[in-house]
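Work through these exercises with the model open beside you. Try each task before reading its solution.

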Amino acid sequence: MAKYAHSVTDRFLRYVTIDTQSSHTSRSFPSTEKQKNLGRLLVQELHEIGIADAHLDEFGYVYGTVPSNTPKKVPVICFCAHMDTSPDVTGQDVKPQIVRNYQGGDIVLPGDRTQVIRVADHPALRDQIGHDIITTDGTTLLGADNKAGVAEIMDAVTILVNNPTIKHGTLKILFTPDEEVGHGVDHVNLKKLGADFGYTMDGESAGNLEDETFSADKATITIRGVSAHPGFAKGKIENAIKIASRIVERLPKDTCSPETTEGREGFLHPTDLAATLECATLGFIVRDFSEEGLREKEVLLESIVNDVMRDFPRSTCELKFDQQYRNMKVVLDRYPQVTANAEEAIRRAGLTPKRTSIRGGTDGARLSFMGLPCPNIFAGEHAFHSRLEWVSVQDMEKAVATIIHLATIWEEQAT
Ligand SMILES: [Zn+2]
């Protein structure tokens, strides 16, 4: 008998009490040593389940293998989740509570009654009638992002190991640190992992499947103006502060910004400005779902810059674009089976699959371009990075079922 309780909920409640907040300012890897506390517990539990090769490496990654139990040649499938929680809200002393058999209405959090999960702000609560909803007491985040995913993978693996009649190929387990600070795959060893395809379990509502992310570039504009003593400057000064301001002023007002777009629209977004009379640096991020959309926005920025600079003939301006990441759909479209099998697994779990796109990047997107095609499946997380974060027991159980179905679908298709 394993020492630990088995259900996905018991696991989840155990994992969220371990503080694994990552840090933007740290220069070490993982960014916080405490993330390894969860990593060590997961390895210990994997050993008890019988995953003999489970281990935590120096960078804080957990690797493990569920051996194949079929003679067929099945692609090696990896299930991945991140162990860290957001630096935005404290993850220390998380006190989870369960609202059993939720009957609708706002949920007031007991440790800070100003924290209320309102149906008006969280319409997904309407789909949760009769479910058991886990929240915090209102003083911390919950960490369902992404400990729900961790617990679901752990639970699915336990079920598969204990039920040899469920046939599957080799499965790989990967738990990563530092996803929330954008470094979740910096030190991952894909060769050691040895998987053909992967799935991150880090999505929102039950049934969601994400196979698209933004494509992202960064733009940097460096302006050199002309300085002179302001008392004797007539006809001489070309002020870099004013040049930069003019560029910002010329940006589209009703479109093309994060504050005016949603869904599949992209944007051109100024993120930082450092300026003196002589020199200004203006930073942008450029986002779109297609390469053409990115290019259009970059051409627009270039034309604004050229136009403005015509009025400042003695100043110079340099515009530089750097690639940040690309839409993972470009990779996933080459392996349609990966997303199709996830859809089928969601269906077999009794849900209607819903394909959505992420207005941002994910570790799955980076993994896809590193050679591990990796869409994102729901984990049931809601209101991430806030004290109002919640997840339902029943959604986590559906995610566990989805993982198990997915493993068997790959086996069925193999020969
Ligand atoms: Zn996450």
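The exercises below go from the whole chain to single sites, and the model they use is predicted.

**Exercise 1. Take stock of the chain.**
Find how many helices and strands the protein chain has, and what share of its residues counts as buried.

Solution.
- Step 1: Count the elements. The protein chain has ten helices and 17 strands.
- Step 2: Get the extent. The C-alpha trace spans about 85 × 55 × 40 Å along its principal axes.
- Step 3: Check burial. Of the 415 residues, 54% count as buried.
- Step 4: Look at the contacts between residues at least 6 apart in sequence. Of these, 80% join residues at least 24 apart.

**Exercise 2. Lay out the open sheet.**
State in what order the eight strands of the open sheet stand, and which strands are at its edges.

Solution.
- Step 1: Read across the sheet. The order is S1-S2-S8-S3-S9-S16-S10-S15, and the pairing is mixed.
- Step 2: Find the edges. S1 (55-56) and S15 (354-358) each have a single partner strand, so one side of each lacks a neighbour in the sheet.
- Step 3: Recall what holds such strands together. Strands of a sheet pair through backbone hydrogen bonds, either parallel or antiparallel.
- Step 4: Follow S3 to S9 (residues 197-203). The two run parallel and are joined by four bridges. Here Cys-80 stands opposite Thr-200 in S9.
- Step 5: Add the helices. H3 packs on the sheet and touches S2 (62-66), S3, S8 (171-176), S9 and S16 (376-378). The direction of H3 makes about 145° with that of S3.
- Step 6: Do likewise for H8 (residues 336-348). It packs on the sheet against S9, S10 (208-213), S15 and S16, with its direction at about 160° to that of S10.

**Exercise 3. Examine strand S8.**
Decide whether the faces of S8 are covered or open, and describe how S8 pairs with S2 and S3.

Solution.
- Step 1: Count the buried residues. Six of the six residues of S8 are buried.
- Step 2: Recall the general pattern. In a regular strand the side chains alternate between the two faces of the sheet.
- Step 3: Sort the residues by side. Leu-171, Ile-173 and Phe-175 are on one side, while Lys-172, Leu-174 and Thr-176 are on the other. Both faces are covered.
- Step 4: Turn to S2. S2 and S8 pair in the antiparallel sense over five bridges. Thr-65 has Lys-172 as its bridge partner in S8.
- Step 5: Turn to S3. S3 and S8 run parallel and are joined by six bridges. Cys-80 has Leu-174 as its bridge partner in S8.

**Exercise 4. Describe the zinc site.**
Name the protein donors of the zinc ion and classify the geometry of the site.

Solution.
- Step 1: List the donors. They are His-82 (NE2), Asp-145 (OD), and Asp-202 (OD) twice, at 2.0 to 2.7 Å from the zinc ion.
- Step 2: Check the angles. They run from 52 to 137° among the four donor atoms, and the site is irregular.
- Step 3: Read the spacing in sequence. The donor residues follow H-x62-D-x56-D.
- Step 4: Place two donors in the fold. His-82 is in strand S3 (residues 77-82) and Asp-145 in helix H3 (residues 144-162), so the pair ties together parts 63 residues apart in sequence.
- Step 5: Check burial. Both His-82 and Asp-145 are buried.

**Exercise 5. Compare two aromatic pairs.**
Classify the pair Tyr-61 and Tyr-63 and the pair Phe-79 and Tyr-199.

Solution.
- Step 1: Note the total. There are eight aromatic pairs.
- Step 2: Take Tyr-61 and Tyr-63. The centres are 6.3 Å apart with 35° between the planes, and the pair is tilted. Both residues are buried.
- Step 3: Take Phe-79 and Tyr-199. The centres are 5.9 Å apart and the planes are at 25°, so this pair is stacked.
- Step 4: Locate that second pair. Phe-79 is in S3 and Tyr-199 in S9, 120 residues apart. Both are buried.
- Step 5: Look for a cluster. Phe-29, Phe-59, Tyr-61 and Tyr-63 form one.

Methods. Residues numbered from 1 in each chain as written. Predicted model: local features only at pLDDT ≥ 70, side-chain atom pairs only at ≥ 80, totals over all residues. Heavy atoms only, no water. Donors = N, O, S within 2.8 Å, 3.2 Å for Na, K, Ca; no water. Tetrahedral: all angles 85-135°; square planar, octahedral: opposite > 155°, others 65-115°. Buried < 20%, exposed > 50% of the residue type's maximum accessible area, 1.4 Å probe, protein only. Pairing = 2+ DSSP bridges. Contact = heavy atoms within 4.5 Å. Axes fitted to C-alpha atoms, helices over the stretch in contact; angles between N-to-C directions. Phe/Tyr/Trp six-rings, centres within 6.5 Å; stacked < 30°, edge-to-face > 60°.
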